[in-house]
Amino acid sequence: YGLILIWCGPRPHGVALNDDETKLYVSVEFGDPPGVVAVDLKNGKTTKIDTTSAGNYLWVQPKTDKLYFPTRDNKVVVIDTRTDQVLRTIAVQGQPNGVDFSPNGDVWVNGDRDGSITVIDSKTDTVVKVLQPRSKGPGRVAASPDGRFVAATHGPDVSLVEVATRTIVADVKFSPTDT
């Protein structure tokens, strides 16, 4: 790949590559309109995808090649990276920010405001469960490679979720002396 110069608008933020690494996706936090820019890495052509909402980060689900873009106005926008079209906008709670994928096809979304963990079925792109940990606050979410657990941070705590039952099985509280 050579140097590609693109104008995404003010404040490009998150980046992701599609599965075959032919497209780069960049979230444009304060664009007019805000959204996502797709960059074809072979020819440098850019496509603006209007999500009508601003967000920071984005993730491409392995094997499905769907991009999940959590927005500040309590939505997750799902984009088909083959066509660069919005497939669905999913209402969620808690100002979603972090996303990860478990091998069973679940999409796990962390809520920065309320610490909620939203589970989305990627086959239907619908919310199947919302978990509310004891703690609130910003954080991220990560699925274990074996598909057994998801960990979600929120403020000073971490919740461990069993994927099979979609239930919180442990909360780990950290104090300043733990670091």
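These legends accompany close-up views of a predicted model.

**Figure 1. The whole chain is built from strands, without helices.** The predicted model has zero helices and 16 strands. Its C-alpha trace spans about 50 × 30 × 30 Å along the principal axes. For 179 residues, a compact globule would have a radius of gyration near 16 Å, and the 17 Å of this chain agrees with that. Buried residues account for 47% of the 179 residues.

**Figure 2. Strands 1 to 4 make an open antiparallel sheet.** The four strands lie in the order 1-2-3-4. Strand 1 (12-17) and strand 4 (46-50) are the edge strands. Each of these pairs on one side only. On average, neighbouring strands here are turned by 25° against each other, direction ignored.

**Figure 3. Strand 1 meets strand 2 at one edge of this sheet.** Strand 2 covers residues 23-28. Four bridges join strand 1 to strand 2, and the two run antiparallel. To find the pairing in the model, start from Pro12: Val28 in strand 2 stands opposite.

**Figure 4. Strand 6 is mostly covered.** Strand 6 takes in residues 66-71, and six of its six residues are buried. In a regular strand the side chains alternate between the two faces of the sheet. Which residues of strand 6 are buried on each side? Lys66, Tyr68 and Pro70 are buried on one side. Leu67, Phe69 and Thr71 are buried on the other. Both faces of strand 6 are thus covered.

**Figure 5. A hairpin links strand 5 and strand 6.** Strand 5 consists of residues 59-61. Three bridges pair strand 5 with strand 6 in the antiparallel sense. Trp59 stands opposite Tyr68 in strand 6, and Tyr68 is itself buried. Four residues lie between the two strands of the hairpin. Lys63 takes a positive phi near 75° in this hairpin.

**Figure 6. Strand 6 also forms a hairpin with strand 7.** Strand 7 runs over residues 75-80. Strand 6 and strand 7 are antiparallel and share six bridges. Phe69 stands opposite Val77 in strand 7. Three residues separate the strands. In the turn, Asn74 has a positive phi of about 60°.

**Figure 7. Strands 9 to 12 make an open antiparallel sheet.** The order of these four strands is 9-10-11-12. Strand 9 and strand 12 (126-131) stand at the edges with a single partner strand each, so one side of each is left without a neighbour in the sheet. Neighbouring strands of this sheet are turned by 25° against each other on average, again with direction ignored.

**Figure 8. Strand 10 is largely enclosed by the rest of the structure.** Why does strand 10 count as largely enclosed? Six of the six residues in this strand (residues 106-111) are buried, so the rest of the structure largely encloses it. Asp106, Trp108 and Asn110 are buried on one side. Val107, Val109 and Gly111 are buried on the other.

**Figure 9. Strand 10 pairs with strand 9 and with strand 11.** Strand 9 (residues 96-101) and strand 10 are antiparallel, with five bridges between them. Phe101 has Val107 of strand 10 as its bridge partner. The hairpin of these two strands has four residues between them, and Gly105 there takes a positive phi near 100°. Strand 11 (residues 117-121) also pairs with strand 10 in the antiparallel sense over five bridges. Here Trp108 has Val119 of strand 11 as its bridge partner. This second hairpin has five residues between the strands. Gly115 in the turn has a positive phi of about 75°.

**Figure 10. Strand 12 joins strand 11.** Five bridges connect strand 11 and strand 12, which run antiparallel. Ile117 stands opposite Leu131 in strand 12.

**Figure 11. The largest pocket has a mixed lining.** About 160 Å³ of space lies in this pocket. Which residues line the largest pocket? They are Gln61, Pro62, Lys63, Thr64, Phe101, Ser102, Pro103, Gly105 and Ser122. Three of the lining residues are nonpolar, five are polar and one is charged. Two lining residues return from earlier views: Lys63 belongs to the hairpin of strand 5 and strand 6, and Gly105 to the hairpin of strand 9 and strand 10.

Methods:
Residues numbered from 1 in each chain as written. Predicted model: local features only at pLDDT ≥ 70, side-chain atom pairs only at ≥ 80, totals over all residues. Heavy atoms only, no water. Pairing = 2+ DSSP bridges. Axes fitted to C-alpha atoms, helices over the stretch in contact; angles between N-to-C directions. Buried < 20%, exposed > 50% of the residue type's maximum accessible area, 1.4 Å probe, protein only. 1 Å grid on protein atoms, 1.4 Å probe; cavity = no way out; pocket = protein on both sides within 12 Å on 5 of 7 lines; lining within 4 Å. Points joined across faces, edges and corners; volume = space filled by probe spheres on them. Nonpolar A, V, L, I, M, F, W, Y, C, P; charged D, E, K, R; others polar. Rg over C-alpha atoms; globule rule 2.2 N^0.38 Å.
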